[in-house]
Each structure stands twice: as C-alpha cells, then as structure tokens.
Amino acid sequence: MRATADAARRAALVRLVALDVDGTLTDGRLFIGPGGEAMKAFSVRDGFGLTLLREAGVKLAVITARQSAIVEARAAELRFDAVRQAVKDKAAALREICERFGLAARHAAYVGDDWPDLRPMALAGLAASVADAPAAVRERAHWVSRAAAGQGAVREFAEFVLQSQQRLDAALARYAGDAP
C-alpha cells in the first residue's frame, strides 16, 4: 500500500465511499456473449470489506460509465445506498450523491482505476486507486492498494478507512466474538 502523509487524516473524515466498478470492484475483464454482457467476477473479500464499512455507518455508492444488470444485482446484494450507471460525468454524479446525503465532498472517498475516474478522485476528500491502475491515476491518489483490482484491493481500502477511524478493532471483535 502507498499512502500520502495525510491519507489517514482524510480517511478519518469519510462518511461515503463511491466506487467505479470495472477495474476497481472487478479485475476489469468483461465476458460478453452473443446476448450481451454475460459475467463479471467480484471478490467476496471486497464485498465483505464494503459490508464492514456499511456496518460502521459509511454510505456506499457505485458510479460507473457502463450499464449492467450484474452491477445492479451486486449493489443490491451489498445494500449500496446509491447506484449510478451509464454515467458520463462521474464528478457530477459524486457531487449529486454527496448533496443527496447532505455531505461535503471532503467527507467522500472515491475509488477508481483509470482516467475517467480522475475528476471524481480530485473532487473527493480521499482519492484511492488500485495497484494495477495506470501510473497517472496512482500518482493522483492519496491511497493506493497493494492488491490488484478485483483481488482484494477494495477490502484493503475498507480496512484502511476503518483503521483511520479507529473502528477496525471493534469490527474484528464483533466477528471474533470478543465484543462485550
């Protein structure tokens, strides 16, 4: 993981995590059959990391340029608070989601992997990316995962946010049976 000197301070303020999908929540490969998009692979570890964030009171959002029933199903399964698909202007979508929840952009994190994610990353209080993103994206992120996209990068990010908010130990204790 690579983080800027102020990444943990920024993460401590996060109340909303917005994510791109292809190349962030997935490894970026699209399986397209004769009837259209057939499959995407999502990491269950990433999903559990998002569940941990939601349990900690962090809002979850997807902002993606593609339209996919698969994304809709995964977001519903993980109980995302906002799903924006077929988005042309991801920064405007992030701004709208922040307004919907009464949050300043500094309270939002955006996790992306490619050039179309640079504007929402610049808007968010915490910009994050995955290890296998292009250099131009990684260089503009406050936090970059060790793991590749779709391989636990989002779980790693979720734990970083929870640790920065001093909530990680309590989350682990709940699952380990250590909670009072």
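The exercises below work through the fold of a predicted model, each followed by a solution.

**Exercise 1. Overall build**

Task: State how many helices and strands the protein has, and compare its radius of gyration with the globule rule.

Solution:
- Step 1. The chain forms 8 helices and 9 strands.
- Step 2. The radius of gyration is 15 Å, close to the 16 Å that the globule rule gives for 180 residues, so the protein is as compact as a globular protein of that length.
- Step 3. Along the principal axes, the C-alpha atoms fill a box of roughly 55 × 35 × 30 Å.
- Step 4. Buried residues make up 48% of the 180.
- Step 5. Take the contacts between residues at least 6 apart in sequence: 56% of them join residues at least 24 apart.
- Step 6. The exposed surface of the protein is about 8,600 Å², and carbon and sulfur atoms supply 53% of that area.

**Exercise 2. The sheet and its edges**

Task: Give the strand order of the open sheet of 7 strands, and explain why one side of E1 and of E6 is left without a neighbour.

Solution:
- Step 1. The order is E1-E9-E8-E7-E2-E5-E6, and the pairing is mixed.
- Step 2. E1 (2-3) and E6 stand at the edges with a single partner strand each, so one side of each has no neighbour in the sheet.
- Step 3. The partner of E1 is E9 (residues 143-144); the two run antiparallel and are joined by 2 bridges. In this pair, Ala3 is opposite Trp143.
- Step 4. At the other edge, E6 (residues 82-84) pairs with E5 in the parallel sense over 3 bridges. Here Ala61 of E5 faces Ala82 of E6.
- Step 5. Between these two strands the chain passes through helix H3 (residues 69-77), and this β-α-β crossover is right-handed.

**Exercise 3. Strands E2 and E5**

Task: Find which strands pair with E2, and decide whether its side chains are buried or exposed.

Solution:
- Step 1. E2 (residues 16-19) pairs with E5 in the parallel sense over 4 bridges, with Val17 opposite Leu60.
- Step 2. E2 is also joined by 4 bridges to E7 (residues 108-112), again running parallel. Leu19 of E2 stands opposite Val111 of E7.
- Step 3. In a regular strand, side chains alternate between the two faces of the sheet.
- Step 4. From E2, Leu16 and Ala18 point one way and Val17 and Leu19 the other, and all are buried.
- Step 5. For E5 (residues 59-63), 4 of the 5 residues are buried, so this strand is largely enclosed by the rest of the structure.

**Exercise 4. The nonpolar cores**

Task: Identify the residues that touch the most other members of the largest nonpolar core, and the helix that gives the most to it.

Solution:
- Step 1. The largest core has 30 residues, and those touching the most other members are Val17, Leu19, Leu50, Leu53, Phe80 and Phe157.
- Step 2. Helix H7 (residues 153-164) gives the most to this core, namely 6 residues.
- Step 3. Leu53 serves as an example. With neighbours within four places in sequence left aside, Leu53 is in contact with Val17, Val58, Leu60, Ala158, Val161 and Leu162.
- Step 4. A second, separate core holds 23 residues, among them Leu16, Ala61, Cys98 and Val137.
- Step 5. Compare this with E2: Leu16 points one way from the strand and Val17 the other. Leu16 belongs to the second core, whereas Val17 belongs to the largest.

**Exercise 5. Helix H8**

Task: Say which residues of H8 are buried and what they pack against.

Solution:
- Step 1. In H8 (residues 168-176), the buried residues include Leu168, Ala171 and Ala173.
- Step 2. The buried residues of H8 pack against H2 (44-55) and H7.
- Step 3. After H8 comes Gly177, which has a positive phi near 80°.

**Exercise 6. Positive phi outside glycine**

Task: Locate Ala86 and Gln166, and classify each by relative accessibility.

Solution:
- Step 1. Ala86 is not a glycine, yet its phi is positive, about 55°. Gln166, also not a glycine, has a positive phi of about 55°.
- Step 2. Ala86 lies in the loop between E6 and H4 (90-100), while Gln166 lies in the loop between H7 and H8.
- Step 3. Exposed means over 50% relative accessible area, and buried means under 20%.
- Step 4. Ala86, at 40%, therefore counts as partly exposed. Gln166, at 74%, counts as exposed.

Methods
Residues are numbered from 1 along each chain as its sequence is written. This is a predicted model: local features need pLDDT of at least 70, side-chain atom pairs count only at pLDDT 80 or more; totals for chains, interfaces and linings use all residues. Side-chain values use heavy atoms; hydrogens and water are left out. Buried means under 20% relative accessible area, exposed over 50%, partly exposed in between (1.4 Å probe, protein chains only). Two strands pair if DSSP finds at least two bridges between them. A crossover is right-handed if, with the strands pointing away from the viewer, the path from the first strand over the helix to the second runs clockwise. The radius of gyration is taken over C-alpha atoms; the globule rule is 2.2 Å times the number of residues to the power 0.38. Contact means heavy atoms within 4.5 Å. Accessible areas come from the Shrake-Rupley method with a 1.4 Å probe; for residues, only the protein chains shown count as cover. A nonpolar core is a set of buried Ala, Val, Leu, Ile, Met, Phe, Trp, Tyr and Cys residues joined through side-chain atoms within 4.5 Å.
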